[in-house]
Amino acid sequence: MAELHIGLIREEKIPQDNRVAFTPLQCQWIMNNYPDVQITVQPSPHRCYKDDEYAAAGIPLAEDLSHCNILLGIKEVPVDRLIPHKTYLFFSHTKKLQPQNQAMFKAIVDKGITLIDYECLVHADGQRILGFGFFAGVVGAHNGLLEYGRRTGLFDFKRVHECHDFQELITHYFGVKLPPVKIVATGSGRVTAGILEVMGLLGIKYIPPEEYLINSYEYPVYTQLKAGELYLRRTDKTYSREDFHAHPELYDCKFLPYVTCSDILMNGIYWDKKIEPLFTWEDLAKENFRIKVIADITDDQNGSIPCNLGDATIEAPVYGVNRLSRERTEPYEDGSVTMMAVGNLPNELPRDASQFFGDHLMKYIFDDLLKGGSEMIEKATITEGGQLTKRYAYMEEYAKGPKPAVVE
């Protein structure tokens, strides 16, 4: 194999992302085990692993990455930072023709770049290989509890981003006694796995949905609603994953009884615009709506949670929504529900999230990337040398870039 040069690019999208595709020790392991692979890291003042940590692991740092064949990032790359004729891997958020990234995509085409999108890398059964959902779930669950504690004045937690890593966060849970709160978690994917991790660490007891609905408890409890318990086909009251994903508009949502018996909702369910929301604005306005705090971890504005009015930030992750006027308020006002909706939750645990991501990249992607000819990589390649690949031919109009604004 010819020598391959990999570059870890600096994240320059605003707001700044602090994650990275490979940690210093992962880079060191790769260079020790793959003698033909060289890795160069672009210096960054924001990255969760400092430049000094890469240097200490023997990884060269350089501003200029033009000698690299493959460039690895996390988020979208600003147009002026794209180096022509390179192969890039990052989350491009373009396959759904997202308008905010159209100019970047046109630049990728114009500059003859090969784009491999992490989001499109899937196992043979269609399951995504790479993602940060688990840590989004951990941080989202922690934040949901923290905000309930602050709203009620019953307990207080440290913010996740004030901890060095997940291990420090866990030590913060030792000896914490929670009030008899009832928590409903939705979903069954990586996000929900992160939620359940926090439930386990805090010793919050799982209760089956049918018992949770009718009983009260003197200790903190949670229940989990998977898609099959949340959505039933209107005609015959059954659930099939394939059918639901193909025809979500034929399914009714069965969440409503849980709004009358839960204090916190932690939402980790998949959503698209044809799927019924968990509840409506009218439901939110009713007196029996008990939920005080909603951690909308999947974070779809006006999506499965209608009162998600848009993103908050890591520094100020919550806002209130008045249940009657539907307007944004201060976080803990009477008559409001407290909303936690942050699009980049894994940035609060960036060292662990990066390590987890790099581990999956090494296990499932790296060898295929090096040897070439892989069907998995081919399916995730949106452009090759600036040309749309066959699978993504539907993006032809999008690739021409945004239409100029019409001046009246």
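User: Is N302 buried or exposed, or partly exposed, in this predicted model?
Analyst: N302 sits in the loop between β12 and β13 (318-322). Its phi is near 50°, a positive value in a residue other than glycine. Buried would need a relative accessible area under 20%, and exposed one over 50%. N302 has 47%, so N302 is partly exposed.

User: What is the relative accessible area of H93?
Analyst: H93 lies in the loop between β4 (87-90) and α3 (102-110). Phi of H93 is also positive, near 50°. H93 is partly exposed, with a relative accessible area of 26%.

User: Which residues does a cis peptide bond join?
Analyst: Look in the loop between β1 (4-8) and α1 (24-33), where P15 is placed. Omega is about 0° at the bond, and the pair is I14 and P15.

User: How far apart are the end C-alpha atoms of helix α6?
Analyst: Helix α6 covers residues 190-201, twelve in number. At 1.5 Å a residue, the span should be 16 Å. The model agrees with that expectation: the end C-alpha atoms are 17 Å apart.

User: How wide an arc do the buried residues of α6 cover around the axis?
Analyst: The buried residues are V191, T192, G194, I195, V198 and M199. An α-helix has 3.6 residues a turn, so residues three or four places apart point the same way. The buried residues lie on the same side of α6, because their arc is only 155°.

User: Which strands of the sheet does α6 touch?
Analyst: The cover over the buried residues of α6 includes α4 (133-152) as well as strands. The direction of α6 makes about 165° with that of β8. α6 packs on the sheet, and the strands touched are β6, β8 and β11.

User: Which strands stand at the edges of the sheet?
Analyst: The sheet is open, has eight strands and mixed pairing, and runs in the order β7-β8-β6-β11-β12-β15-β13-β14. Each edge strand has a single partner, so one side is left without a neighbour in the sheet. The edges are β7 (205-206) and β14 (328-329).

User: Which residue of β15 stands opposite V293?
Analyst: Strands β12 (residues 293-296) and β15 (residues 336-340) run parallel, joined by three bridges. Opposite V293 stands T338.

User: Which members of the largest nonpolar core touch the most other members?
Analyst: This core has 134 residues, and α4 gives the most, with nine. F255 touches V184, L225 and L265, among others. The members with the most such contacts are Y118, F255 and F279.

Key: Residues are numbered from 1 along each chain as its sequence is written. This is a predicted model: local features need pLDDT of at least 70, side-chain atom pairs count only at pLDDT 80 or more; totals for chains, interfaces and linings use all residues. Side-chain values use heavy atoms; hydrogens and water are left out. Helices (H or I, at least four residues) and strands (E, at least two) are DSSP runs, numbered from the N terminus. The expected span of a helix is 1.5 Å times one less than its number of residues. Buried means under 20% relative accessible area, exposed over 50%, partly exposed in between (1.4 Å probe, protein chains only). The arc is that of the directions from the helix axis to the C-beta atoms. Contact means heavy atoms within 4.5 Å. A nonpolar core is a set of buried Ala, Val, Leu, Ile, Met, Phe, Trp, Tyr and Cys residues joined through side-chain atoms within 4.5 Å. Two strands pair if DSSP finds at least two bridges between them. Axes are lines fitted to C-alpha atoms, for helices over the stretch in contact, and angles run from 0 to 180 degrees between N-to-C directions.
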